[in-house]
Amino acid sequence: MTNLFTTSFSTLCIALGLPFVQSSLSESVANHNFRQTVQTIADSTSGSGIIATQAKPQLVSNQFSFTEGPAVDKKGNVYFTDQPNNKIWKYDTEGKLSVFMENSGRSNGMYFDQKGNLISCADENNQLWSISPQGKVTVLLKDFQGHTFNGPNDVWVDKSGGIYFTDPYYQRPYWKRQSPDPNLGGEKLYYLPKGASAAILLDDTFKQPNGLIGTADGKILYVADIGDNKTYKYEIAGNGVLKNRQLFVNQGSDGMTIDNQGNVYLTGNGVTVYNKEGQKIEHIPIQAKWTANVCFGGKEKNLLFITASESVYTLKMQVKGVQ
């Protein structure tokens, strides 16, 4: 491919069959203007093509203590948590912020099911909740075989209504306990079938599982082991059965999302994007100590919504989210 930064203006004109009048002055001026134009285009265009032209992360608000758990409803409204302040906020498709729920069970990761209920990792009492559009809470899970969960952290709901969730241990200041339930036996990945009252253990080989996301066709599940700085992918065989665990990338993640091209978005130091083959295609720097989570929202589902420490940001994209 021709390198536009080293190709002269006259050479490019000749290659394209365009007229050019030779003179040292015109060549010098034209080359200067040409390279400026090329640099402007390069600066305003994402190398991966997934970010909208000239788009940069836009600060929505920095009024929070620690933001997490963004989830999008069918209309494109984004719900997210301010966990230390025990609230769930709503960022609607018109760009308006409002409090959706007080006393939110210290909700962390969240995801909408097909009926419009917000499934929440409510780790105040180490539970899994379903929150109706009216804010009514139904406790789906409170333990595993009588043992207290570490603290459900992130969640993804499949098309059948089954719920995948991770359960790492992060000591919270609002807990009375100071250590995990010794009988639970580690930090693991679980599945709750639709309508069931007991979870199924899927994988107990993580150091510290965290973010997870599934593909729109329900065939692949990605799970980050943030404690081992790795992300894995599984084939979903149905009914909560996973097979063929493979290393996806040597990078862990807090929350995660996926777009309509199958690109996977990992968080922590900003947002890092990998294509479905596990090749890094983009890094989105965010002005925050920690980028915790991400999802797609907006009327067209082409607005990347980013929770980052005390702040939330948006970024206009060329790609769209999937549900």
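Start at the hairpin of β4 and β5, where 5 residues sit between the two strands. In that turn, G95 has a positive phi of about 90°. This is a predicted model, so keep in mind that everything here is read from predicted coordinates. The two strands themselves, β4 and β5 (residues 97–102), pair in the antiparallel sense over 5 bridges. If you want a landmark for that pairing, look for W89, whose bridge partner in β5 is V99.

Now step back along the chain to the other neighbour of β4. Strand β3 is joined to β4 (residues 87–91) by 5 bridges, and these two also run antiparallel. Here Y79 has K90 in β4 as its bridge partner. β3 and β4 make a hairpin too, with 4 residues between them. The turn residue to look at is N86, which has a positive phi of about 60°.

This corner is also a good place to look at aromatic rings. The structure holds 18 aromatic pairs. Take F80 and F305: their ring centres are 5.4 Å apart and their planes meet at 40°, so the pair is tilted. The tilted label goes to planes that are neither under 30 degrees apart nor over 60. In sequence, the two partners are 225 residues apart, with F80 in strand β3 (residues 78–82) and F305 in strand β23 (residues 303–308). Both F80 and F305 are buried. They also belong to a bigger group, since ring pairs link F64, F80, W89, Y91 and F305 into a cluster.

A second pair, F206 with Y232, has a different geometry worth checking. Their ring centres lie 6.4 Å apart with planes at 75°, which makes the pair edge-to-face because that angle is over 60 degrees. F206 is in the loop between β13 (200–203) and β14 (209–214), while Y232 is in strand β16 (residues 230–238). That puts the two partners 26 residues apart. Are these two buried or exposed? F206 has a relative accessible area of 8%, so F206 is buried. Y232 comes in at 12% relative accessibility and therefore counts as buried as well.

F206 has another partner: the charged end of R245 sits over the F206 ring, 5.2 Å from its centre. You can find a similar arrangement at W175, where R177 lies over the face of the ring at 4.1 Å from the ring centre.

Next, move along to the sheet around β19. Here 4 strands form an open sheet in the order β18-β19-β20-β21, with antiparallel pairing. β18 and β21 (280–284) are the edge strands, each pairing on one side only. On average, neighbouring strands of this sheet are turned by 20° against each other, direction ignored.

How many of the residues in β19 are buried? Strand β19 (residues 264–268) has 5 of its 5 residues buried. Both of its faces are covered, with V264, L266 and G268 on one side and Y265 and T267 on the other.

On one flank, 3 bridges join β19 to strand β18 (residues 256–258), and the two run antiparallel. M256 is the residue standing opposite L266 in β19. The hairpin of β18 and β19 has 5 residues between the strands, and G262 takes a positive phi near 85° there.

β19 also pairs with strand β20 (residues 270–274), in the antiparallel sense over 5 bridges. The hairpin that joins β19 to β20 does so through 1 residue. To trace this pairing on screen, find V264, which stands opposite Y274 in β20, and then T267, which stands opposite V271.

Finally, zoom out to the protein as a whole. Its secondary structure comes to 2 helices and 24 strands. Of the 323 residues, 52% are buried. Among contacts between residues at least 6 apart in sequence, 47% join residues at least 24 apart. As for the surface, the protein exposes about 15300 Å², and carbon and sulfur atoms supply 49% of that area.

Technical notes: Residues are numbered from 1 along each chain as its sequence is written. This is a predicted model: local features need pLDDT of at least 70, side-chain atom pairs count only at pLDDT 80 or more; totals for chains, interfaces and linings use all residues. Side-chain values use heavy atoms; hydrogens and water are left out. Buried means under 20% relative accessible area, exposed over 50%, partly exposed in between (1.4 Å probe, protein chains only). Two strands pair if DSSP finds at least two bridges between them. Axes are lines fitted to C-alpha atoms, for helices over the stretch in contact, and angles run from 0 to 180 degrees between N-to-C directions. Rings of Phe, Tyr and Trp (its six-membered ring) pair if their centres lie within 6.5 Å; planes under 30 degrees apart count as stacked, over 60 as edge-to-face and the rest as tilted. A charge sits over a ring if NZ of Lys or CZ of Arg is within 6 Å of the ring centre and within 35 degrees of the ring normal. Contact means heavy atoms within 4.5 Å. Accessible areas come from the Shrake-Rupley method with a 1.4 Å probe; for residues, only the protein chains shown count as cover.
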